[in-house]
Amino acid sequence: MRSSSSLAGALRNPWVLGPVGIASVLLIWSLISLSGTVDPLFLPSPPAVWQAAADQFHGGILVTDAIASIQRVFLGFALSAALALPLGIAMGSNPLICRLLEPLLGLIRYMPAPAFIPLLIIYFGLGELPKVLLIFIGTFFFNTLMIMDAVKFVPQELLETALTLGGRGLPILTRVVAPYIAPQVIDAYRINMASAWNLVIVAELVAANEGLGKRISLAQRFLRTDEIFVGLIVIGLIGLLIDLGFRALLRRSCRWAS
Amino acid sequence: MHLSVNGVSKTFGDGRHAKLVLDDISFSIKSGEFVALVGSSGSGKSTVMRLIAGLERPSAGVIALDGKSVDGPGSDRGMVFQKYSLYPWMTAAQNVAFGMSLQGLPRALVRERTAYFLEVVGLQDAARRLPKELSGGMQQRVAIARALAADPKVVLLDEPFGALDLQIRETMQEFLYQLWQRSGITALLITHDLEEALLLAQRVHIMAPRPGRIVRTVEADLDRSNLAHLRVSPPFLELREELVTTLRNLDAAAI
Ligand SMILES: Nc1ncnc2c1ncn2[C@@H]1O[C@H](COP(=O)(O)OP(=O)(O)O)[C@@H](O)[C@H]1O
Ligand SMILES: [Mg+2]
C-alpha cells in the first residue's frame, strides 16, 4: 500500500520521469554504439561526444560560439519584443489600427523567415545585422499578434470598473491592461523565443564566422559527427534553459494567474 | 444629490437590426435613498445601469446628476458588477485603494481610507489576500468597499449577489442594508429577485421586457428593524405575492 502510493507520487513528479526518459535514450545510444552495429562515423559513442565537448570547451570555441549565438538571439529578440509590445497593445485596444494592420501582419507572418535570408544578405551583407534582423522578422509578427489577442481578451468589466473609479486612458492601460496581459505576454515571448533560437542556427548555417550553427556546418564538412552531436546538445540545453527562465519569471511575477 | 432619469430610451443596432431595449424610462433618486429596479432577465435593467454609469449613451432622453447631464463614466457614480470584477493581481487592500489612487489622492490618505473601508465591510484581516483566496461573498464585499472608497454620490449595484449561494445571499442582503443605514450612501440596486428588492429598498420600480419599461412603482414602507422577521412577516409576504403575480402576468403577456 505504502510503496504503491509513493510510486504513484514519483510518477507524478516531473523531476523523476523526465530524467528517466533522458537516461533511457542515453542507455540505448550507448548499447548501440557498444554493439558495434553502427559505424561510429554515423553514430559516435557517448564518450567520444563527451571528449569532443571537453576539447571544444577547453579550446574556448564552445564558449565563443555559444556567446555569439546567444548575442544574436537576444539582440534580435529584444528588438522584436520591445516593438511588438506597444504595437500589439495599440492593435488590441484600437479597432481602427487593428483593421489597418492585422491583414498585413497576418500575411507576413506566413512568409517563412528563412526565406528572407537571401534578401537580407543582398541588403546587409554577411555581418551581424542580417542575422539579428532575421530573428526580428521571424518573431516580431507572432509577438505582436499574440499580444494583440491578449489585449482583446481583457474582460470588459475590469476596464469599465476602472472607468467608474475615475480612471482614464493611459492609467487604465498601464494599471489594468498591462498587468492583466503580463502572463500572456511572457508566455508569448517564451514560445517565440524558441523560434528565435531556431532561426539563429539557420542563419549561421548559411553564413557566419562563429556560432553554434556555424560549428555544426563546419563539423559536417570534416565529417565530425561527434562535434555535430555536441552542437545539437548544447543548442538544446541553452534553449531549455531559456524556456525554464521564462517559466520561472512567469511563476514569480504572476502568482495571481496560476 | 439628485439623480434623474428622464424619458430615456435605448435602441441597439440600426436599420433592420434596430432593437428597442428601453422605452421611455423615468425615475429619480435623492440623497440617502435606496431604490431598486426589479424585472425578469432581459428587461433592460443592466442597460439602465450602464446608461447611468455613462458606459452607454441614451438614444433619447436625459440622465442628470445634480442638474448636470451625464456624458461618460466618472467616479461620482460607483459600480458593483454581478461577476466579481476585482483585479486578480491586486490584494483586497490594493483593490479597495485602486479608485483613490487613480484619482491621485495622497498616499497616506489612501492608506487610511483603505483600512477604514476594509473595516466597514469586515475584511480588515483579509487585506493582503488575493481575490482568488477569498470566498464569493468576501469578494463582493471587497468590490463594494472599492466602490464606496472612491467616494461616489450614488452606488449602482447590478445583481451584486446573483452569483452567490442562497444562504450567503441572505447574509449579504443584511450586510448591504446595514451598510446603507450606517453610512448614509445612496444606492440603486438592480435585481431579478423581488424579495431582495422589497426587503432592502424603500422604493421599487418594476420593469417589464420587450421593450424594457417601468410598469409599476411601489413605495415599500416596511418595518426593517429586523430583516429576518420581515422576510416572513404577513404584510411582506402579501405584498410580495401580489407583485409576483403582477410580474408573472407581464411576462406571460410579453411571450
Ligand atoms: N450592447 C448591446 N447590443 C445589443 N443588444 C443589447 C446590448 N446590451 C443589451 N442588449 C439587449 O438588451 C436587452 C436587455 O438587456 P439587459 O439590460 O442586460 O437586461 P437585464 O439586465 O434586465 O437582464 C437584452 O435583450 C439584450 O440582448
Ligand atoms: Mg443584467
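## A surface residue on chain A

At 60% relative accessibility, A:Phe42 counts as exposed, because the cut-off for exposed is over 50%. This is a predicted model, so keep that in mind throughout. A:Phe42 sits in a chain A loop, the one between helix 2 (14-35) and helix 3 (46-58).

What does A:Phe42 share the surface with? It belongs to a nonpolar patch together with A:Ile28, A:Ile32, A:Val38, A:Leu41 and A:Leu223. Taken together, the patch residues offer about 540 Å² of accessible area.

## Where the chains meet

On to the interface. Chain A and chain B bury about 2,000 Å² between them, and 64% of that is on carbon and sulfur atoms. Chain A puts 19 residues into the contact, while chain B puts in 28 residues.

How many salt bridges cross between chain A and chain B? The rule finds one. A:Glu160 pairs with B:Arg50 in a salt bridge, with 2.7 Å between the closest N and O atoms.

## Salt bridges inside chain A

Side chains of opposite charge can pair when their charged atoms come close. Over all chains, a search of the whole structure turns up 22 salt bridges. One of them is within chain A: the side chains of A:Glu210 and A:Arg72 meet at 3.2 Å, N to O. A:Glu210 is in the loop between helix 9 (169-206) and helix 10 (212-221) of chain A, and A:Arg72 is in helix 4 (residues 61-93) of chain A, so this pair ties together parts that are 138 residues apart in sequence. Are the two partners buried or exposed? A:Glu210 is partly exposed, at a relative accessible area of 29%, whereas A:Arg72 counts as buried at 1% relative accessibility.

A:Arg247 and A:Asp243 make a salt bridge as well, their closest N and O atoms being 2.8 Å apart. Here the partners are about one helical turn from each other, because they are four residues apart in helix 11 (residues 225-253) of chain A. With a relative accessible area of 39%, A:Arg247 is partly exposed.

## A charged network in chain B

In chain B, the side chains of B:Arg240 and B:Glu195 come together in a salt bridge (2.6 Å, N to O). B:Arg240 belongs to helix 8 (residues 234-254) of chain B and B:Glu195 to helix 6 (residues 194-200) of chain B, so the pair links parts that are 45 residues apart in sequence. Salt bridges with shared partners join B:Arg240 and B:Glu195 into one network with B:Glu170, B:Glu174 and B:Arg231.

Why does B:Glu195 count as buried? Its relative accessible area is 18%, and buried means under 20%. B:Arg240, at 24% relative accessibility, counts as partly exposed.

## The sheet in chain B

Chain B also has an open sheet of four strands. In which order do the strands lie? The order is 2-1-4-5, with antiparallel pairing. Strand 2 (19-30) and strand 5 (68-69) of chain B are the edge strands, each pairing on one side only.

At the strand 5 edge, two bridges join strand 5 of chain B to strand 4 (residues 60-65) of chain B, and these two run antiparallel. Within this part of the sheet, B:Ala64 stands opposite B:Ser69, which is in strand 5 of chain B.

Notes: Residues are numbered from 1 along each chain as its sequence is written. Chains are lettered from A and ligands numbered from 1 in the order in which they are written. This is a predicted model: local features need pLDDT of at least 70, side-chain atom pairs count only at pLDDT 80 or more; totals for chains, interfaces and linings use all residues. Side-chain values use heavy atoms; hydrogens and water are left out. Patches are made of residues with over 30% relative accessible area and no salt bridge: like charges are joined within 9 Å, nonpolar side chains (Val, Leu, Ile, Met, Phe, Trp, Tyr) within 5 Å. Accessible areas come from the Shrake-Rupley method with a 1.4 Å probe; for residues, only the protein chains shown count as cover. A salt bridge is a side-chain nitrogen of Lys or Arg within 4 Å of a carboxyl oxygen of Asp or Glu. Buried means under 20% relative accessible area, exposed over 50%, partly exposed in between (1.4 Å probe, protein chains only). Two strands pair if DSSP finds at least two bridges between them. Contact means heavy atoms within 4.5 Å. Buried area is the accessible area (1.4 Å probe) that two parts lose on being put together, summed over both.
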